[in-house]
Amino acid sequence: MSSPEDRAEEIRGRAAGTAPAPLSILDLATVGAGYSPGEALAATTELARGAEQWGYHRFWVAEHHGMPGVASSTPAVLLAHLGAHTSTLRLGSGGVMLPNHAPLAVAEQFGLLEALYPGRIDLGLGRAPGTDQATARALRQGRTDGPEDFPTQLAELTHFLDGDFPDGHPYARLSAVPQGPSRPPVWLLGSSGFSARLAARLGLPFAFAHHFSAQNTVPALDLYREEFRPSAVLEKPYALIGVSAVAADGEAAAVRLARSAGLAMLRLRQGRPGLIPTPAEAEAYPYTEVEAEFLESWLGNVVLGEPARVAEGLEALRRRTGADELMVTSHIHGHEARLRSYRLIAEAYGLTG
């Protein structure tokens, strides 16, 4: 197995260009109105290749179900595809929703990915279902464990990854196959204090979903750092935050793009998930007063504008939160606009690949 030093090196990102911290991407294989899932996945593949060329550190995809605007329902499958189309970019799940899966199945999937692309795979884990309750029940097929059982599931998964169940354990004779000389580092994902506290207690890296839980970011990161216990994985805390960011030729153009993602989020919160609407649809939508307030509040947590302004906003956020790494996401309509947003952000930092 890989040494603690090797694991820590894999976890801690590297800054490039003028960026003061590593810069990474969270992608949802966005399906916009007028596009097919196949076209969205092709765009994600193109984006991963671009991210590698532009100098982003890692590229994560997220597990969501029952959302027509998100094609990344099965991260392990998508990561296998992306690995075949990149050569150096770190790839990972942001994340796999562990309550939806048997820990052995996840250990086998990511053990296989690690065997295919050694030293390039991250296993990010969340405890939410990533969907509505009816879909969660269909995924779990009668299993009764849920988010509250996450620590137990995590311990079981870790034992499968390391092949070190104690003698006498019911699974002591089982192996997650394939199991090679290294295994992917485990990250805990969260949008509240629960996973922050658990990551701290276990000495694991932590990824916080600032892009949809901004009010909890600083309290969760403070909790993580205050309660962190050094481990065989990390000697000191390492936290990244997911950030919604949209770069365009100017603020008006960026706001127009971001409003499409805002309307999609509004519909999701209302129980009406769908394809990502076009900017024109978002402009023409007849918002109620409450809906307009939601949209403005949501846009307030998006770093947007022309590239230099976005870089300034990201740096201000990094300083305010103390995040060790920033993971940007541009969940907007239009593959060309989405790829261009990421490229402009990279150029603003002088990333060179």
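Buried means under 20% relative accessible area, exposed over 50%, and partly exposed in between (1.4 Å probe, protein chains only).

The model is predicted, so local features need pLDDT of at least 70 and side-chain atom pairs count only at pLDDT 80 or more, while totals for chains, interfaces and linings use all residues. Residues are numbered from 1 along each chain as its sequence is written, and side-chain values use heavy atoms, with hydrogens and water left out.

**Exercise 1.** Determine which parts of the chain are linked by the salt bridge between Arg 58 and Asp 122.

Solution. Step one applies the criterion, a side-chain nitrogen of Lys or Arg within 4 Å of a carboxyl oxygen of Asp or Glu; for Arg 58 and Asp 122 the closest N and O atoms are 2.9 Å apart. Step two places Arg 58 in strand 2 (residues 58-61) and Asp 122 in strand 4 (residues 121-126), 64 residues apart, where strands are DSSP runs (E, at least two residues) and helices likewise (H or I, at least four), numbered from the N terminus. Step three adds that Arg 58 and Asp 122 are both buried.

**Exercise 2.** Describe the salt bridge between Glu 283 and Arg 256, including the accessibility of each residue.

Solution. The side chains meet at 2.9 Å, N to O. Because Glu 283 lies in helix 10 (residues 279-284) and Arg 256 in helix 9 (residues 251-269), the pair ties together parts that are 27 residues apart in sequence. Glu 283, at 47% relative accessibility, counts as partly exposed, and Arg 256 counts as partly exposed at 37%.
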